[in-house]
Amino acid sequence: MLAVSLKGMAGRKLRTVLTALAVVLGVALIAGTYILTDTIDRQFDQIFAQVRQGVDVSVTPKKVFNSDNNANPPAFAASYVSQVQSVPGVQKASGGIFDNGVILDNKGKKIGGSNGAPNFISSDAPAPFNPFQYVTGHGPTAPGEISIDKYTADKQHWKIGSIVRVGGQGPVQPFKVVGIAKFGKLNGLAGAAIAVMTLDEAQKLTNKVGKLDGIDIQAVKGVKPAALVPRVQRALPANVTVRTGAEQAAKDSSDTKSGLSFLKTILLVFAGVSLFVGAFMIFNSFSITIAQRTRELSMLRTVGASRRQVLGSVLGEALVMGFVASVIGLGIGIGLAKGLKALFKAIGADLPGGSTVLETRTIIVSLIVGTLVTLVASLSPAVRATRIEPIEGVREGAVLPKSRFSRIKTPFGAVTLAIGVGLMCLGLLTGSSGSAVWLPLLFGTVFVFIGTAMFSSRLVKPIASVVGAPMERIGGVSGQLARENATRNTGRTASTAAALMIGLALVTGVTIFAAGIKKSVDSAIDNSVKAGLVVENKDGWTSIPASAGKAISAQVPGVGASSAIRLSQAKVAGVSGTPDVSGVDPATLSSVYQVDWKKGSNATLQRLNGNNVIVSESWAKSKDKKVGQQVNVTTQSGNHATYTIIGTFKNNVHFLGDLAVSNATLARDFKINEDQFVMFGLKPGANADQVKTQASALLAKDFPNAEADTKSGFKKTQTQWIGQITAFFYVLLSLAVIVSLFGIVNTLVLAIYERTRELGLLRAVGMSKRQVRRIVRYESVITALIGAVLGTVLGVFFAVIISRPLAGEGFQLSFPVGTLVILLILAGLAGVLAAITPARRASKLNVLEALAYE
Amino acid sequence: MNAPLIVSAVDLHRRYGEGDAAVEALDGVTVGFPKGRFTAIMGPSGSGKSTLMHILAGLDRPTAGSVVVDDVELGSLDDKKLTQLRRDKFGFIFQFFNLLPVLSAEENITLPLKIAGKKPEKAWLDELIEAVGLSDRRDHRPSQLSGGQQQRVAVARALLTKPAVVFADEPTGNLDSKAGDEVLQMLRRAADEYGQTVIMVTHDPHAAAVADHIVVLVDGKVVRETPAGEADEVVELMKAVA
């Protein structure tokens, strides 16, 4: 029986290939994601093992709690080194600095750009801790000397004697290159740039004089590192973590990797979307194929095939197709991993490379997921195939018996839709965070899609008559026939359109959501920011040296009062999460920024000192905190403090975080002395653009990672990332849209095959080839538009419902009507594109053969 | 036989296949069809009668020879012109599958005009629908009509454009005798009342007897051209040529 199916597949090449393509693309994205992330992970493992080579035991500052701002815990006192040296079993101990910095390229910009791979400042380490091997020159021995990693030196064409400008917490300073180094076999650290200088210089540059970021320890021969760890731990205060060198390398690597794990999740979600869309297409293709094979299957039943054999033959076909498609997808995934890397590079995130890593897990997951999706999607058509009776189907014009399910399809679809909406609401309203929100949301979305797809066969006729009306006016009888054909089998049209609906709904949802965020940020800045000039880090999230703002105040004429906002995170006793804590300057804040008070007024700011705090309305509500109550706070530097809430504010787009204290308090308890952004008022008569130009010139010279912007420019930079992320989502969602277009092609090809005689008749009574092509094209456009209309409606619904909980944080819905109309037009054009091949096929039918066709 | 010829074919050859397997479906057919008359092309299976009709109607091209319809030489026309010719000058009735299932009876009738982007003449459309007895079935879909009614829709469609020639390929082949008679009488009346030229392919002597004129084909050659008589005379004729 399977042989019959396989021969059938071979005889329907185009159809088989198109159906399989849906699986191939989804599996390719899964495999590509795993290969890319595994390759990156492997690279990080190698790098950190290399860096910690020769280190038996490592001492690092203790992380007080896990937070999502990835702030480095504060450095510890340099005196710890001598305490370590006196521990029995310690052969050698050496303290070092390793911190973020800025290394300027030949054009005066940060190497790799503001969102690229990081730049590091490292102190030189003595043997055996030194991971560097000098290709030319030597390590830094005097002030003003640095060595550079070979990767960066090659890229910038730096040689011994080149002058390179490096900055930490303060203005950039010139250094002379005295050495170019490799890390074992590696030229560099995954694209990061590293400047190595003497410990003294590194401490000065990073504002850590008398402090250390870590201590490397070599054990006396014969002493096991693991045995030395507790001894070192006992000799030091509690604000450090002591690990063996191998453990520390693994920890560093896993920290870095977990920072990238969101990437894997996002890519796998998109792969899931593609496969979900592909499942619709497989379901459709198998349904139509079985309808057309009714006579063949009935004949098989007549000559003695059992129902079980019919089921087996259809599922067998699905199994073979799914498996072969998965294998091909896996192969393409290897190439796709490189494509994804290029995509990330295009949006400014250069990921480390290395030789491709293909784990067994990648192979197993890809093959199983691809094959299972195909099998599950073909299950319902296969069961319907078993309902074909012997003899009956051999009659002329026999049709596939309706499934038992078809009668209850509409109410069932409505119920599924309702369950989906219910799940989404459940997740959004009751879930507090993490999987309690996104799991119900994810399943809710899937249910909504499936429910709508089942229900939508009822909507095909009304939507087709609306979107088909202009075509009938333009295309006359071709338009009418296209509309009639599209509504002939509403179930088939609905599930073909459903595939496109999913892609369109997600695109629409993302578009509306992005527009909402942009509008919210814009209006928050319009309403609150009174400053004429804003200075922040170019990457938009890292802090900048406080001296940058001071330099502008001192040197740029035209700037008036200034106020800095700083940022950290804390743990609050008794409540979940790690709220953002901002530091403000109570004396000057109101001159450049208007707090949107809920309880309190600008007068409240005067009391914002010592242990007083103001909190955002939404945080207070969700954590059940009120004015007058106290909160016990643990800071990232390990301090404990008790603050009294003296006011609440509306947290418009999270400008002030969840909690706000004075900058003095933040410095005291959080040890934060760098600015997140600095806002400046303008002196009367000062020209904002002129002031900006002067401030920019100053920053470019001394603080190249900071940038100055006018208020309108600040608005632009605050929303720039939205466009980038949206574009990235579009690219990934386009995969799902492409799969759904294959679905339209497939359905059209199958429909044309069914309507061969009709087309022959039309040609015989005088229809031109052009008119025939037009029928197919219009039908395709109608199908695409049905999907697009449903998708747009769902997308609007998703965006509205998902943004509800954010309304309290100042999220404002905005409907970019122009963009949505363009999306609809694009969907229509996609329909034209999908129709090219089927239309050509239809118009090339030989009239006589078509009429004689059985 | 005094009427001028509207369709004439000269020395038509049509070969299918290559080399030894080649079959000469038409082997030098020269024949003419007078204007305003009803002609039946008869012959046993494989005689080439359907091939002849397809070539006369521009649906197939001869290997050699020429066809002139209404002063137009078909061999000189490309696919586009042939399609236009079919649309404007020919009407078609087939044995099976004559109608589009998604269109109503009336829409099926007006289909060729719609394809040409023209509007039907209301009075003429009403008269035709009345004549084929479908006044109360105008909005029915083909699936709601009997086989005879469907074929009458096809007849009306073929006549609506007042074509130069109506080609009917075994129009009664799929109908019971009563429904078949109705269809034949309609074609007869079209020739008598509207002066419509009709060329019908059939292997049924009873159907051929309704025509004015009979052309008999055997093995791709015309073996007899004769005025039609009664059905039993036609049966005799067929026996004679066999």
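# A guided tour, starting at helix 22 of chain A

Select helix 22 of chain A first: its buried residues are A:Leu759, A:Gly760, A:Leu761, A:Leu762, A:Arg763 and A:Ala764. A residue is called buried if 20 or more other C-beta atoms lie within 10 Å of its own, exposed if 12 or fewer, and partly exposed in between, with C-beta atoms placed from the backbone. Helices (H or I, at least four residues) and strands (E, at least two) are DSSP runs, numbered from the N terminus. Just after helix 22 of chain A comes A:Gly766, with a positive phi near 110 degrees.

This is a predicted model, in which local features need pLDDT of at least 70 and side-chain atom pairs count only at pLDDT 80 or more, while totals for chains, interfaces and linings use all residues. Residues are numbered from 1 along each chain as its sequence is written, and chains are lettered from A and ligands numbered from 1 in the order in which they are written.

**The whole of chain A**

Now select chain A. Its C-alpha atoms fill a box of roughly 95 × 70 × 50 Å along the principal axes, and its secondary structure consists of 25 helices and 24 strands. Of its 854 residues, 49% are buried.

Colour the chain by pLDDT, the predictor's confidence in each residue, from 0 to 100. The average for chain A is 86, and 94% of the residues score at least 70. Among the elements of chain A, the lowest mean, 68, belongs to helix 1 (residues 2-11) and the highest, 94, to strand 22 (residues 659-662). Where pLDDT is low, the predicted coordinates should not be read in detail.

**The side that touches chain B**

Show both chains. Here 18 residues of chain A are in contact with 20 residues of chain B; two residues are in contact if their C-beta atoms, placed from the backbone, lie within 7 Å. On the chain A side, the elements that give two or more residues are helix 14 (477-486), helix 22 (756-764) and helix 25 (847-852). That side has 9 nonpolar, 5 polar and 4 charged residues. In this count Ala, Val, Leu, Ile, Met, Phe, Trp, Tyr, Cys and Pro are nonpolar, Asp, Glu, Lys and Arg are charged, and the others, Gly among them, are polar.

Next, select helix 14 of chain A, where 9 of the 10 residues are buried. What covers these buried residues? The cover includes helix 13 (460-475), helix 15 (490-528), helix 21 and helix 23 (769-803) of chain A, together with helix 4 (111-115) of chain B.

**Helix 21 and two partners**

Keep helix 21 (residues 711-754) of chain A on view and add helix 2 (residues 13-51) of chain A: their axes come within 9 Å and cross at roughly 170 degrees. Axes are lines fitted to C-alpha atoms, for helices over the stretch in contact, and angles run from 0 to 180 degrees between N-to-C directions. The two helices are therefore roughly antiparallel. Angles under 35 degrees count as roughly parallel, over 145 as roughly antiparallel, 65 to 115 as roughly perpendicular and the rest as oblique. Among the residues making this contact are A:Leu18, A:Leu25 and A:Leu29 of helix 2 and A:Leu735, A:Phe742 and A:Val749 of helix 21. By class, the contact holds 13 nonpolar, 3 polar and 1 charged.

Then add helix 7 of chain A, whose axis comes within 8 Å of that of helix 21 of chain A and crosses it at roughly 5 degrees. This makes helix 7 of chain A roughly parallel to helix 21 of chain A. The residues that meet include A:Phe270, A:Val277 and A:Met281 in helix 7 and A:Leu732, A:Val739 and A:Phe742 in helix 21. Their classes divide into 13 nonpolar, 9 polar and 1 charged.

**The largest nonpolar core**

A nonpolar core is a set of buried Ala, Val, Leu, Ile, Met, Phe, Trp, Tyr and Cys residues joined through C-beta atoms within 7 Å. The largest has 311 residues; among those with the most contacts inside it are A:Ile786 and B:Val155. Helix 2 of chain A gives the largest share of this core, 20 residues. Centre on A:Ile786: leaving aside neighbours within four places in sequence, A:Ile786 is in contact with A:Val460, A:Ile463, A:Ala464, A:Val467, A:Thr493 and A:Ala497.

**Three lysines**

Is A:Lys221 buried or exposed? A:Lys221 is exposed, with 6 other C-beta atoms within 10 Å, and its place is in the loop between strand 13 (214-219) and helix 6 (225-235) of chain A. A:Lys251 lies in helix 7 (residues 245-292) of chain A and is partly exposed, with 16 other C-beta atoms within 10 Å. Finish at A:Lys338 in helix 9 (residues 307-346) of chain A, which is partly exposed, with 15 other C-beta atoms within 10 Å.
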